[in-house]
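Me: I should like to examine how the terms applied to this model are justified. Please set each value against its definition.

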Amino acid sequence: MSSTQSLPTVVEALEDKARKKKQAENTQYHVSVAQHNIREINSELDDLITSLRDLRYYKTVFEEAFDGSSPMLVSSATQSAEKAIESTQEQLLEDVQSSLADDGETELGSDNDHDNLKVELTPKVSQQISKIQSATQMVDNVTEQIEGQLESKQKAWSTKVSAAEELQKILGGQDGDFATTLNHMHTLLTRKLMDSSGSASNFVSQWTNAVSNWEQHQSLQSFDDFQEKHDLSDSTVEDVKTLSQSGELTLADVSLETIKEMKRVDELESAIELSL
Amino acid sequence: MIDTDDLPDAYKIGSTRNQANTKVSTLLSRISDYAAELQRLTADEDASHIQDALKPVERWYDRSHTVEDLRDWFESLYSCAGTLDVTMRKSYEEALNTLTESPEEVKLTAFGDDVEAFQQLDGTTGPMLVSRLHDFARSRHEQEAWKIYEAFDSLISDLQEEEHSTGADLEHRIKELTEYSEYEQKRQDVMGITEDL
């Protein structure tokens with residue numbers, strides 16, 4: 001202790017020390033308020049990011065794998081997402097403090113403890129949160145639209161793939177490569193397509209490959225294609241279908257023309273067995 | 001000096017009733033002992049409690065202080081103690097009480113004179129010192145100022161011992177939050193995805 005200090009000087013110094021401590025306590029409180037506010041925004045941003053990732057997945061798959069054309073709403077949803085994050089860090093720094101403006105001078109002795117106060121969002125932060133929420137909602141809506149359209153594509157392709165698989169079954173799966181493609185397409189359509197956690201570009205490239213293989217086997221895509229390619233009569237097609245379902249026919253049931261047609265087509269010749 | 005060796009034992013002190021059987025030499029040697037004892041008193045050894053009491057006073061006392069000053073300053077320090085989490089002693093409450101409720105008991109003028117007198121004890125011995133010792137007891141009893149300055153000294157020391165906390169700038173503290181950097185990261189994420197859309 002310095003004996004050269006006068007009593008009023010020391011009193012003043014100690015008052016200053018106490019005031020600083022009080023300010024530090026206030027600072028701590030305001031830091032907590034700011035932290036709470038930023039956390040709330042971040043949590044909303046997490047939701048927005050999840051929604052945007054979903055949209056990106058479905059949009060990419062829809063446009064690049066299925067030649068779909070995304071709704072116009074995508075761009076307005078995107079814009080509202082961009083608007084919701086217009087506030088820079090510096091702006092945020094101001095926004096989370098806006099409620100502190102009326103704080104005034106730190107008075108010693110006044111017991112302005114903040115411990116019991118409920119931590120609330122500043123008006124600016126509330127505004128930003130509702131912007132983020134409405135952007136998320138818009139993104140979700142447009143994603144839902146694209147999902148709906150994707151589901152129709154999925155349904156149409158599933159029907160086509162099923163028909164081709166049916167034909168493969170009749171022909172005894174002679175084309176192994178195509179059978180594998182059909183199997184892969186089936187998996188892509190039923191398991192991968194609607195799983196937005198996967199990679200969109202990965203799906204697109206797998207699907208594109210599968211479709212190009214599909215296109216190389218036009219005659220094997222359905223019975224109609226098969227009939228057309230080999231110029232088969234309706235009665236022959238009927239007989240082949242009956243064979244594939246019940247497994248047997250007597251020669252009396254089959255016309256000579258049909259037997260000729262069956263002998264002419266390699267796939268049928270090797271698939272149909274005679275037995276006694 | 002009193003030399004009782006020269007006194008014949010025939011000199012006695014007593015009342016007319018009991019034949020005066022106390023020797024004068026005995027009386028004188030008792031007086032001599034007392035005087036010698038008095039002479040041996042020194043400010044250093046026998047008034048050390050005065051020196052101790054003077055220390056806090058000498059640290060803070062000034063003739064210019066008024067009771068109002070003391071009251072204001074003590075009230076300030078008292079509220080600082082609340083803020084700085086200093087444990088309140090009974091003496092602080094008593095001092096504050098005296099300053100606010102019964103300032104007339106502080107008696108600063110008399111106190112000032114006494115302090116000056118007690119500061120000049122060096123070399124004072126014998127009956128003079130005894131008289132000073134009595135004065136001191138009276139002074140402490142009459143003037144609350146002694147307790148006031150002691151309370152000041154102790155409270156100031158308590159307050160000065162408390163850790164000094166630094167209130168770092170609010171914006172700086174917010175910028176240091178993990179959440180603050182996470183916000184920017186998430187903004188970049190959103191921008192990255194919207195660019196793809």
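Reply: The answers below concern a predicted model and take up its contacts, its cores and chain B.

Me: What makes residues of chain A and chain B count as being in contact?

Reply: Two residues are in contact if their C-beta atoms, placed from the backbone, lie within 7 Å. By that criterion, 44 residues of chain A are in contact with 41 residues of chain B. On the chain A side, α1 (7-66), α2 (73-84) and α3 (89-95) each give two or more residues, and α1(A) gives the most, with 30. This side comprises 24 nonpolar, 10 polar and 10 charged residues.

Me: Why is the largest set of 46 residues called a nonpolar core?

Reply: The term requires buried residues of nonpolar types, joined through C-beta atoms within 7 Å. The largest such core has 46 residues, and L48(A), A81(A) and A135(A) are among those with the most contacts inside it. A135(A), for instance, touches L48(A), S80(A), A81(A) and A84(A), leaving aside residues up to four places away in sequence.

Me: How do you know where this core lies with respect to domain 1 and domain 2 of chain A?

Reply: Domain 1 (7-151) and domain 2 (154-218) of chain A both give residues to the core, so it lies between them. Chain B also takes part, since α10 (178-196) of chain B is one of the elements giving two or more residues.

Me: What makes a residue of chain B count as buried, and how many do?

Reply: The criterion is 20 or more other C-beta atoms within 10 Å of its own. Of the 197 residues of chain B, 24% count as buried.

How values were computed:
Residues numbered from 1 in each chain as written. Chains lettered and ligands numbered in written order. Predicted model: local features only at pLDDT ≥ 70, side-chain atom pairs only at ≥ 80, totals over all residues. Buried ≥ 20, exposed ≤ 12 C-beta atoms within 10 Å, placed from the backbone. Helix = DSSP H or I, 4+ residues; strand = E, 2+ residues; numbered from the N terminus. Nonpolar A, V, L, I, M, F, W, Y, C, P; charged D, E, K, R; others polar. Domains from an automatic or database assignment.
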